[in-house]
Amino acid sequence: MDKLVSSWYNDQSLPESYIFPPHERPGKLLVPRCNTVPVIDLSDTRTNLVHQILKASQEFGLFQVVNHGVPPNIMSETMSVFHKFFELPAEDKASLTVYTNDPKRCKLVTSTLDYDREKIHLWRDVLRHPCHPDCIEFWPRKPLRYREVVAACSIEAKKLGLEILELLCEGIGIEHGYFEHELTEDLLLGANHYPPCPDPSLTLGIPKHFDPDILTILLQEHISGLQVLKDGEWIGVRPIPNAFVVNIGYILQVISNNKLKGAEHRVVTNSSDHRISVVFCMNPAGNSNIEPAKSVVTATNPPLCRAFQFKEFLDNFYSMEGDADLALQPFKL
């Protein structure tokens, strides 16, 4: 447990193992919380929604949604239960920090699962687990109602994700129901805890990356930290009450044959506040075949890659230290 940032963050200065190379550091320049990141009202007409979501997915690869139908009490209870989880005594979390290869099990780590091998650590603790009903018995028992609340939110998040995917399919000409089964079979949860940092200019909660999934649904609170790269500049994603942030995943970019753009983003820290975010990653089953959808491939827009299994891409992604473009390289035509 001594590795968890939250157990020692206020006892010392920033350790050298958390200091990023100069070209990767966020520095001391303030990145404004920007109003240009699209905010889409899902109560709008379907025609308008298809247009707005398609435009946001092509220009930013990331947008926020409001009036999405997820009850506000489910969202607030979810954030509350994760605050309580990360505040639990060390002994209540100890069993979750034991390394296991069992994909059904919860894992609580600092930085990443590669902590012992990585050169630089990330300033965060993260709880990860699959959201399939078969795995609920392995979820944390504390705090009370964790399983009830997180199960309810995960159901709503997946429903919202599928609704957004249907709108995107309509926008780029992919058939109805394309993502309903094995391409979104695995929903994975990641709850990130970013404690106050001694020097936010030198480290990151998460470095620049694309999400290696289909779609990411993010629940964040009122404290800023998420930034998206747009035209070579970092833009802060302004927290909006009762909104979800939606990231286009790199695998969706592949399936769309580059008609949609994955969001390159990062998370910065701060020196005064604890920040928690909850992400639901919509992933294909490991043995799913991934390739550009036939309906988006034409003579003038040939496929950018051959078919591959999702688990092949993931293996490449992690061996390439999270570089999605390099991970796709072996499959390019």
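Which residues of α1 are buried? In this predicted model, the answer is Leu49, Val50, Ile53, Leu54, Ala56 and Ser57. Viewed along the axis of α1, these buried residues fall within an arc of 165°, so they line one face of the helix. On the face turned away from that buried side, α1 carries the exposed residues Thr47 and His51. The distinction rests on relative accessible area, with buried meaning under 20% and exposed over 50%.

The helix itself comprises residues 46-59, 14 residues in total. From its first C-alpha to its last, α1 reaches 20 Å, close to the 20 Å expected at 1.5 Å a residue. Just after α1, Gly61 adopts a positive phi of about 75°.

The cover over the buried residues of α1 includes both strands and a helix: β2 (39-41), β3 (62-66) and β11 (244-248), together with α4 (146-172).

The wider setting of α1 is a chain that contains 7 helices and 15 strands. The radius of gyration of this chain is 19 Å, close to the 20 Å that the globule rule gives for 333 residues, so the chain is as compact as a globular protein of that length. Along the principal axes, its C-alpha atoms fill a box of roughly 60 × 45 × 40 Å.

Burial and contacts can also be described for the chain as a whole. Of the 333 residues, 53% are buried. Among contacts between residues at least 6 apart in sequence, 77% join residues at least 24 apart. The accessible surface of the chain comes to about 15,500 Å², and carbon and sulfur atoms account for 52% of it.

Methods
Residues numbered from 1 in each chain as written. Predicted model: local features only at pLDDT ≥ 70, side-chain atom pairs only at ≥ 80, totals over all residues. Heavy atoms only, no water. Helix = DSSP H or I, 4+ residues; strand = E, 2+ residues; numbered from the N terminus. Expected span 1.5 Å × (residues − 1). Buried < 20%, exposed > 50% of the residue type's maximum accessible area, 1.4 Å probe, protein only. Arc of directions from axis to C-beta. Contact = heavy atoms within 4.5 Å. Rg over C-alpha atoms; globule rule 2.2 N^0.38 Å. Areas by Shrake-Rupley, 256 points an atom, 1.4 Å probe, with all protein chains shown as cover.
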